[in-house]
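Student: Please take a close look at the backbone of this model, in particular the loops with unusual geometry, and then place them beside the helices and the surface.

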Amino acid sequence: MGLVQVTMEVGAVGAMRFVKDGIRAAKLVMQHTQHTMLVGDQASAFAISMGLSGPSNLSSPESMDKWIKWKENDCQPNFRKNVLPSNSCGPYHLKDSMDFGKTCSANKFIQNCGSVTSHVGRHNHDTISMAVFDRMGHIAVGTSTNGASFKIPGRVGDGPIAGSSAYADSEVGACGATGDGDIMMRFLPCYQVVESMRLGMEPILAARDAISRIRRKFPDFIGAVFAVNKNGLHAGACHGWTFQYSVRSPQMKDVQVFTVVP
């Protein structure tokens with residue numbers, strides 16, 4: 001996803017295969033179409049037609065090895081729920097109607113309706129979210145990710161969703177996010193962070209507030225955000241893991257890494 005908040009222009013691609021440069025494809029959507037998002041094979045076709053390399057085999061020896069071991073382990077873990085069989089590679093079908101018709105309260109979901117523990121962790125996703133200020137104080141943000149390992153084909157996470165994985169307003173500041181995108185995108189945490197800063201919250205409080213809104217509903221989720229205001233004051237907040245983000249400014253000789261604990 002690419003976002004230029006001075007003009008409210010957004011470009012995004014999702015579920016795009018066979019093209020390596022996802023963030024460049026998103027920029028092409030922003031600069032050369034009147035759309036906000038393209039997805040699937042048609043997003044790949046668009047990117048290639050606009051000059052990006054492809055179609056290419058993006059598998060690596062490491063990723064193929066992980067996939068083979070996952071298949072040998074009966075495709076566990078995976079992201080399916082309320083289906084049978086629950087411990088194989090399928091084909092899958094719905095459970096009996098008595099099971100499928102369960103209702104649950106939010107506070108009792110984990111005990112009564114199956115685990116919602118995240119399959120997303122430090123070693124199985126690769127999101128990069130970035131905010132950049134130019135000399136005029138204009139802010140642009142972008143997010144690029146390969147998505148969650150072993151996701152169901154066709155899944156689109158929070159990466160291309162403006163307000164979830166990243167958001168910016170040059171009058172206020174910016175935010176980037178990483179973690180369990182399937183959960184986080186339901187809350188638009190980066191939009192929340194920027195709007196909280198607009199109302200006067202310091203970055204640290206805005207970041208913590210956005211994370212706490214998710215944690216109250218999904219206490220087992222894993223995720224993090226960074227927040228930076230228009231003056232360059234920055235902070236991060238996380239839940240379920242220790243999070244690191246880096247900062248570089250013209251006054252700094254090198255990148256500085258900041259560690260945030262839950």
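Tutor: What follows takes the loops, then two contacts along the chain, then the helices and a surface patch. This is a predicted model, in which local features need pLDDT of at least 70 and side-chain atom pairs count only at pLDDT 80 or more, while totals for chains, interfaces and linings use all residues. Residues are numbered from 1 along each chain as its sequence is written, and side-chain values use heavy atoms, with hydrogens and water left out.

Most residues other than glycine have a negative phi, and most peptide bonds are trans. Gly54 and Pro55 are joined by a cis peptide bond with omega of about -5°. Pro55 belongs to the loop between helix H2 (40–49) and H3; helices (H or I, at least four residues) and strands (E, at least two) are DSSP runs, numbered from the N terminus. A cis peptide bond also links Gly90 to Pro91, with omega of about 5°, and Pro91 sits in the loop between strand E4 (83–84) and strand E5 (93–94).

Met8, although not a glycine, has a positive phi of about 60°; its loop runs between strand E1 (2–4) and strand E2 (9–14). Phe150, also not a glycine, has a positive phi of about 65° and is placed in the loop between strand E7 (139–144) and strand E8 (166–169). Phe150 counts as partly exposed because its relative accessibility is 24% (buried means under 20% relative accessible area, exposed over 50%, partly exposed in between, with a 1.4 Å probe and protein chains only).

Met30, in helix H1 (residues 22–32), counts as buried at 12% relative accessibility. Its C-alpha atom is 6.5 Å from that of Glu9, 21 residues apart along the chain. Pro262, in the segment after strand E13 (256–260), is exposed, with a relative accessible area of 62%. The C-alpha atoms of Pro262 and Thr242, 20 residues apart along the chain, are 6.3 Å apart.

Trp67 is in helix H3 (residues 61–72) and is partly exposed at 41% relative accessible area. Together, Met64, Trp67 and Ile68 make a nonpolar surface patch of about 270 Å². Such patches are made of residues with over 30% relative accessible area and no salt bridge; like charges are joined within 9 Å, nonpolar side chains (Val, Leu, Ile, Met, Phe, Trp, Tyr) within 5 Å. A salt bridge is a side-chain nitrogen of Lys or Arg within 4 Å of a carboxyl oxygen of Asp or Glu, and accessible areas come from the Shrake-Rupley method with a 1.4 Å probe; for residues, only the protein chains shown count as cover.
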